[in-house]
Amino acid sequence: MVFSSLTFVFMFLPMVIGIYYILPNRQLKNVWLLVSSLFFYAWGEPIYVGIMLLSTVNDYSFSRLIDLAKKAGKLYKAKIYLICSILFNMGLLGFFKYGNFLVDNLNSIFGTGWHLHDLPLPIGISFYTFQTMSYTIDVYRGHVKAQKKILPIATYVTLFPQLIAGPIVRYITVEDELTNRRENITDFSEGLRRFIIGLGKKVLIANQMGLIADRVFNDFGSETGTIMAWIGILAYTFQIYFDFSGYSDMAIGLGRIFGFHFLENFNYPYMSKSITEFWRRWHISLGTWFKEYIYIPLGGNKKHKIINILIVWFLTGFWHGANWNYIIWGLYFGLLLLLEKYVYGRFLAKTPSFVQHLYAMFLVVIGWVFFRIEDIDLIKSCLKTLFVYQPTTMNSLMFDYQSILYALPFFALAGIGSTPVVKKIIGDGAHMDRRKGLAVVKDGYLIIVMILALVFLVGETYNPFIYFRF
């Protein structure tokens with residue numbers, strides 16, 4: 001089940017909210033959220049609910065053992081329990097996400113014929129694995145208290161708003177709200193507004209951009225000209241941003257409805273003037289996770305900084321997918337960050353603002369080529385087409401340009417939506433100006449967005465979420 005579906009909007013969500021708000025106490029509300037979240041997950045992958053629960057039990061149990069060992073002064077035991085918990089989590093993630101990748105590469109190197117069954121990747125396993133690990137690690141560090149009851153932990157891990165595509169919510173962020181949150185009409189209304197904004201981003205922009213990107217890249221070949229290649233990668237640039245930021249908006253909004261305050265995950269990344277700034281604005285929760293649990297433990301800025309940065313960006317790419325293109329994508333940005341820091345960053349900062357912006361966006365767009373295309377030879381072909389002019393063949397010209405003419409208004413909408421212009425006018429759904437008159441206009445705008453999104457959903461069969469496969 002996805003947020004941008006009629007089943008979710010008209011059946012699942014109203015039922016969950018209706019029962020949630022009539023339950024008399026926090027424990028029953030958490031039980032209901034747990035049950036609802038398990039049903040939400042099982043709607044698409046019932047056989048993998050057990051894996052998520054196993055991961056939850058693992059981190060709950062080891063966090064309790066870590067806490068008891070620390071209280072007894074046996075820090076070596078606490079460290080052993082932490083390592084066991086991490087190995088268990090990485091074992092699950094590695095088996096389901098990276099097993100076939102490892103076997104295929106070993107076969108290529110040694111000429112063997114090993115084979116693993118092609119198991120489907122459990123949706124959201126990368127996200128909830130990182131979340132459960134952050135809890136256990138923070139217990140070991142003493143940043144949070146180990147929960148004696150499993151219900152709050154299970155509710156935290158399975159919470160459907162952020163379960164399958166983030167943002168990655170660290171336990172420390174919602175620790176108090178799991179047991180002491182207080183719902184109110186302000187949070188409810190602002191959460192609903194934020195959900196509508198995210199739904200509009202996803203349905204009205206991301207889906208339309210996705211149609212163009214898929215048209216170009218799913219059949220990319222010799223007849224795909226340079227103009228069409230650039231249109232395709234620009235469409236994908238908008239698609240992935242509005243797809244993921246739209247999902248994050250919906251998740252944050254749903255969290256507010258139930259009394260949770262998740263941290264922001266995007267801050268207009270396409271307004272960046274450097275690659276360094278871009279990664280401070282894009283997928284903030286993932287960047288924070290790698291900084292807190294990988295980069296700093298490796299030594300951070302204190303020692304082996306260049307190596308640490310390359311390790312983090314290798315892992316960032318590998319986290320996104322078990323394929324070499326993701327590793328290349330991660331190292332591509334890692335190298336750019338190093339170049340900015342040690343080679344030309346100071347010079348870049350002295351150039352005009354628009355030059356900095358063009359520099360950043362050009363490199364970001366090229367980076368999406370590595371992310372969108374998994375075949376290395378096809379990546380090379382695409383890059384050649386982008387930079388060595390090739391005309392579009394007449395066979396595909398009419399079809400392609402008819403599609404582009406349809407998409408032009410959505411390109412314009414995407415360009416505007418990538419900037420803070422709309423936020424400055426109507427607010428972001430969480431900090432709207434509630435003055436009478438102006439508030440009515442703003443809410444009227446959101447009602448129109450909601451109606452248009454639902455109209456598109458009724459007549460549209462194309463509704464993917466890019467980050468589900470990660």
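**Salt bridges and buried residues in a helical chain**

Good morning. A search of the whole structure finds 14 salt bridges. The structure is a predicted model, and every value I quote is computed from it. I shall present several of these pairs, then the chain as a whole, and finally three individual residues.

Let me start with the general principle. Side chains of opposite charge can pair when their charged atoms come close.

The first example is the salt bridge between the side chains of Asp-138 and Arg-170, with an N to O distance of 3.7 Å. This pair links distant parts of the chain, 32 residues apart: Asp-138 belongs to helix 5, residues 125–141, while Arg-170 sits in the loop between helix 6 (150–158) and helix 7 (171–174). Both Asp-138 and Arg-170 are buried.

The second example lies within one helix. Glu-190 and Arg-193 form a salt bridge whose closest N and O atoms are 3.2 Å apart. The two residues are both in helix 9, residues 185–217, and their separation of three residues is about one turn of the helix. Is Glu-190 buried or exposed? Its relative accessible area is 7%, and since this is under 20%, Glu-190 is buried. Arg-193, at 11% relative accessibility, also counts as buried.

The third example is the salt bridge between Asp-249 and Lys-201, where the closest N and O atoms are 2.7 Å apart. Here again the pair links distant parts of the chain, with Asp-249 in helix 10 (residues 226–257) and Lys-201 in helix 9, 48 residues apart. Asp-249 counts as buried at 7% relative accessibility, and Lys-201 is buried with a relative accessible area of 17%. Which residues are joined with this pair into one network? Through salt bridges that share partners, Arg-194, Lys-201, Asp-249 and Glu-264 form one network.

I turn now to the chain as a whole. There are 19 helices and zero strands. For 470 residues, a compact globule would have a radius of gyration near 23 Å; the chain has 23 Å, so the two values agree. Along the principal axes, the C-alpha atoms fill a box of roughly 70 × 65 × 50 Å. Of the 470 residues, 54% are buried. Considering contacts between residues at least 6 apart in sequence, 76% join residues at least 24 apart. The exposed area of the chain is about 21400 Å², and carbon and sulfur atoms supply 69% of it. As for charge, the chain carries 42 positive and 29 negative charges, and their mean positions are 11 Å apart.

Three individual residues remain. Thr-56 is placed in helix 3, residues 49–71. With 2% relative accessibility, Thr-56 counts as buried. What does Thr-56 touch, not counting residues up to four places away in sequence? Its contacts are Ile-153, Ala-154 and Val-157.

The other two are histidines with positive phi. His-283 has a phi of about 45 degrees, although it is not a glycine. This residue lies in the loop between helix 11 (275–281) and helix 12 (284–298), and it counts as buried at 1% relative accessibility. His-304 has a positive phi near 55 degrees, again in a residue other than glycine. Its place is the loop between helix 12 and helix 13 (305–320). Is His-304 buried or exposed? At 53% relative accessibility, which is over 50%, His-304 counts as exposed.

Thank you for your attention.

Technical notes. Residues are numbered from 1 along each chain as its sequence is written. This is a predicted model: local features need pLDDT of at least 70, side-chain atom pairs count only at pLDDT 80 or more; totals for chains, interfaces and linings use all residues. Side-chain values use heavy atoms; hydrogens and water are left out. A salt bridge is a side-chain nitrogen of Lys or Arg within 4 Å of a carboxyl oxygen of Asp or Glu. Helices (H or I, at least four residues) and strands (E, at least two) are DSSP runs, numbered from the N terminus. Buried means under 20% relative accessible area, exposed over 50%, partly exposed in between (1.4 Å probe, protein chains only). The radius of gyration is taken over C-alpha atoms; the globule rule is 2.2 Å times the number of residues to the power 0.38. Contact means heavy atoms within 4.5 Å. Accessible areas come from the Shrake-Rupley method with a 1.4 Å probe; for residues, only the protein chains shown count as cover. Lys and Arg count as positive and Asp and Glu as negative; His and the chain ends are not counted. The place of a charge is taken as NZ of Lys, CZ of Arg, CG of Asp or CD of Glu.
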